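Q: Please take a close look at one part of this model. I would like the pairing there, the packing around it, and the terms spelled out as you go.

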Amino acid sequence: MFADCTALETAPLLPATVLKQKCYYGMFSSCSSLNSIEVNFNSFDSLPDSATYYWLNGVSATGTFKWPGATTGVTQDESHVPSGWTITN
């Protein structure tokens, strides 16, 4: 949906609490200025296969990930929360 949008800095609120398989797949891939995301799902563990696969590949090296889930112990990579990003709720 937003892949390769290098001007995007803040993602629109992602209100879904339940995700389908591959629904956010690659959504923000290569959005190199993206540094802020707020979502409403609260666990990556409960998501179906590939729901967020590579969705944050190639985004800013630092940023803020706001969600109702845990602030520690979250996998930090391009398919979850980017490494170097702060997690808040």
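A: What follows starts with the sheet, then moves to the loop, the aromatic rings and the segment ahead.

This is a predicted model, in which local features need pLDDT of at least 70, side-chain atom pairs count only at pLDDT 80 or more, and totals for chains, interfaces and linings use all residues. Residues are numbered from 1 along each chain as its sequence is written, and side-chain values use heavy atoms, with hydrogens and water left out.

Start with the sheet. Three strands form an open sheet in the order S1-S2-S3, with parallel pairing. S1 and S3 are the edge strands, each pairing on one side only. From one strand to the next, the twist averages 15 degrees. Here strands are DSSP runs of E with at least two residues, helices are runs of H or I with at least four, and both are numbered from the N terminus. Two strands pair if DSSP finds at least two bridges between them. For angles, axes are lines fitted to C-alpha atoms (for helices, over the stretch in contact), and values run from 0 to 180 degrees between N-to-C directions.

Now the pairing itself. S1 covers 36-38 and S2 covers 63-66. S1 and S2 run parallel and are joined by 3 bridges. S3 spans residues 85-88. S2 and S3 are also parallel, with 4 bridges between them.

Follow S2 along its length. Gly63 faces Trp85 in S3. Thr64 has Thr86 as its bridge partner in S3. On the S1 side, Ser36 stands opposite Thr64. Lys66 sits opposite Thr88 in S3.

What separates Thr86 from Thr64 in space? Their C-alpha atoms are 4.8 Å apart, although the two residues are 22 residues apart along the chain. Thr86 also touches Gly63 and Phe65, besides Thr64, not counting residues up to four places away in sequence. Contact means heavy atoms within 4.5 Å.

The faces differ in cover. In S2, Gly63 and Phe65 are on the covered face, while Thr64 and Lys66 are on the uncovered one. In S3, Trp85 and Ile87 are covered, and Thr86 and Thr88 are uncovered. Thr86 has 45% relative accessibility, so it counts as partly exposed. Buried means under 20% relative accessible area, exposed over 50%, and partly exposed in between (1.4 Å probe, protein chains only).

Next comes the loop between S1 and S2. Ser60 sits there. It is buried because its relative accessible area is 18%. Beyond its neighbours within four places, Ser60 contacts Cys31, Ser32, Ser33, Leu34, Asn35 and Trp85. Trp85 is on the covered face of S3.

Thr52 belongs to this loop too. Its relative accessible area is 6%, so Thr52 is buried. Its contacts outside its neighbours within four places include Leu19, Tyr24, Phe41 and Glu78.

Phe41 brings in the rings. There are 12 aromatic pairs in the count. One of them is Phe41 with Trp55: the ring centres are 6.3 Å apart and the planes meet at 50 degrees, so the pair is tilted. Both residues lie in the loop between S1 and S2, so the pair ties together parts that are 14 residues apart in sequence. Rings of Phe, Tyr and Trp (its six-membered ring) pair if their centres lie within 6.5 Å; planes under 30 degrees apart count as stacked, over 60 as edge-to-face, and the rest as tilted. Phe41 and Trp55 are both buried. Ring pairs join them to a cluster with Phe2, Tyr24, Phe28, Phe44, Phe65 and Trp67.

The core picks up several of these names. The largest nonpolar core has 24 residues, and Phe28, Leu34, Ile37, Phe41, Phe44, Trp55 and Phe65 have the most contacts inside it. Such a core is a set of buried Ala, Val, Leu, Ile, Met, Phe, Trp, Tyr and Cys residues joined through side-chain atoms within 4.5 Å. In soluble globular proteins, nonpolar side chains tend to be buried together.

Last, the segment before S1. Lys22 lies there. It has a positive phi of about 65 degrees although it is not a glycine. Its charged end sits over the ring of Tyr25, 6.0 Å from the centre. That label requires NZ of Lys or CZ of Arg within 6 Å of the ring centre and within 35 degrees of the ring normal. Asp4 is in this segment as well. Its phi is near 70 degrees, again positive in a residue other than glycine. At 55% relative accessibility, Asp4 counts as exposed.
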